[in-house]
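Please open the model in a viewer and keep the selection panel at hand. The stops below are meant to be followed in order.

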Amino acid sequence: MHKVCFCCRGQGRLRCSGCIGKGKRPCLTCCGRGYSYGQPCCLCLQSGKMICFACSGTGRLLCLVCGTKGKLLQYLQMKIKWQSQDYEFLSENRSDFPTERFYKMSGKIIFYKEQEMVTPVSNFPQESINEASKEAISQHRPNSKNTKIVRQRHIIEWLPLTRVKYTWNDKEYDYYVYGEQKRAYVKDYPKKKGCTVM
C-alpha cells in the first residue's frame, strides 16, 4: 500500500534551502557585491552570484525520504496478544480431605484431546465431569470479534485418593494417601513425636 511522501508531497524533490530554490547564491568571496578589495571579483565575474553547490544550480534537492519516487510504502501493523486460559474442575469429594492439595499433584491421564476447537465430553460415567466439560468449553468461547482461538486442549486426569483407618490408644483415626506421588495427609495426628507418616 502506497501513500504520498509527507516530505516532498509527491514531487520527489525538495526546494533547496541554501539558495531558496533560485539555483544561485551570493558569492562567498565578494559577499554578493561583485567587487573584492576594489577589484572585480574573479570568482563570480562581477555578477555577485555563484551557482549553489548544494543543488548544483537546479534549485531542487533529491528527496531522501522517498528516494525521489514521491511515494512511500505503507505497512499496516497488527499486534497480537497471546493468552492462555485454564479451567480446572475437581469432582465432588465426600470425605474431609482438602481437595486443594490435588492442584499441585499429577495424576493418570484417562482422556486427552487437542485440536483447534474441542467438543465437550458427554458420555463420561460421572455426570459432574460432563457438566464441567460443557462449562469449560462455554467459558472459552471468544468474547469479541478481535479474539480467535488457536488451540484447545481437553484433559481428564484420575487422581487416586485412598483413605486409611487405624486405631491408636483405643481411638480411631484416619489418614489419606493421594496422587500418583503417594503423598500422605493427616488431619488430626494423634502423636506428635516418635512416629511420622511418610
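The tour of this predicted model begins with a helix and then turns to strands, salt bridges, a surface patch and two loops.

**Stop 1: helix H1**

Select residues 127-139, which form helix H1. The helix has 13 residues and spans 19 Å from its first C-alpha to its last, close to the 18 Å expected at 1.5 Å a residue. Next, colour Ile129, Asn130, Ala132, Ser133, Ala136 and Ile137, the residues of H1 that are buried. Viewed down the axis of H1, the buried residues fall within an arc of 165°, so they line one face of the helix. Now add residues 152-158: this is strand S10, and it is included in what covers the buried residues of H1.

**Stop 2: glutamine 152**

Within strand S10, select glutamine 152. Is this residue buried or exposed? Glutamine 152 counts as buried because its relative accessibility is 6%, below the 20% limit for that class. A distance label between the C-alpha atoms of glutamine 152 and isoleucine 137 should read 9.2 Å, for a separation of 15 residues in sequence. Leaving aside neighbours within four places in sequence, the contacts of glutamine 152 include Ile137 and His140, as well as Lys113, Glu114 and Gln115.

**Stop 3: lysine 113**

Follow one of those contacts to lysine 113, in strand S9 (residues 108-115). Lysine 113 is partly exposed, at 29% relative accessibility. Its C-alpha is 8.3 Å from that of glutamine 152, although the two are 39 residues apart in sequence. Apart from residues up to four places away in sequence, lysine 113 touches Val118, Thr119, Gln152, Arg153 and His154.

**Stop 4: the salt bridges**

How many salt bridges does the structure hold? There are three. Select Glu114, Arg151 and Arg153 together, since these are linked in a network of salt bridges. Glutamate 114 meets arginine 151 at 3.6 Å, N to O. Glutamate 114 lies in strand S9 and arginine 151 in the loop between H1 and S10, so this pair ties together parts that are 37 residues apart in sequence. With arginine 153, the closest N and O atoms of glutamate 114 are 3.5 Å apart. That second pair links strand S9 to strand S10, across 39 residues. Glutamate 114 is partly exposed at 30% relative accessibility, whereas arginine 151 is exposed at 51% and arginine 153 is exposed at 54%.

Then move to arginine 163 and aspartate 174, which form a salt bridge with closest N and O atoms 2.8 Å apart. This pair joins strand S11 to strand S12, over 11 residues of sequence. Arginine 163 is partly exposed, at 46% relative accessibility, while aspartate 174 is buried, at 17%.

**Stop 5: a nonpolar patch**

Switch to a surface display and select Met78, Ile80, Trp82 and Val150. Together they form a nonpolar surface patch with about 530 Å² of accessible area. Valine 150 belongs to the loop between H1 and S10 and is partly exposed, with a relative accessible area of 48%.

**Stop 6: two positive phi angles**

Finish with the backbone of cysteine 31, which has a positive phi of about 55° although it is not a glycine. Cysteine 31 sits in the loop between strands S3 (24-26) and S4 (35-36) and is exposed, at 54% relative accessibility. Asparagine 169, also not a glycine, has a positive phi of about 55°. Asparagine 169 is located in the loop between strands S11 (161-168) and S12 (171-178) and is exposed, with a relative accessible area of 63%.

Methods
Residues are numbered from 1 along each chain as its sequence is written. This is a predicted model: local features need pLDDT of at least 70, side-chain atom pairs count only at pLDDT 80 or more; totals for chains, interfaces and linings use all residues. Side-chain values use heavy atoms; hydrogens and water are left out. Helices (H or I, at least four residues) and strands (E, at least two) are DSSP runs, numbered from the N terminus. The expected span of a helix is 1.5 Å times one less than its number of residues. Buried means under 20% relative accessible area, exposed over 50%, partly exposed in between (1.4 Å probe, protein chains only). The arc is that of the directions from the helix axis to the C-beta atoms. Contact means heavy atoms within 4.5 Å. Patches are made of residues with over 30% relative accessible area and no salt bridge: like charges are joined within 9 Å, nonpolar side chains (Val, Leu, Ile, Met, Phe, Trp, Tyr) within 5 Å. Accessible areas come from the Shrake-Rupley method with a 1.4 Å probe; for residues, only the protein chains shown count as cover. A salt bridge is a side-chain nitrogen of Lys or Arg within 4 Å of a carboxyl oxygen of Asp or Glu.
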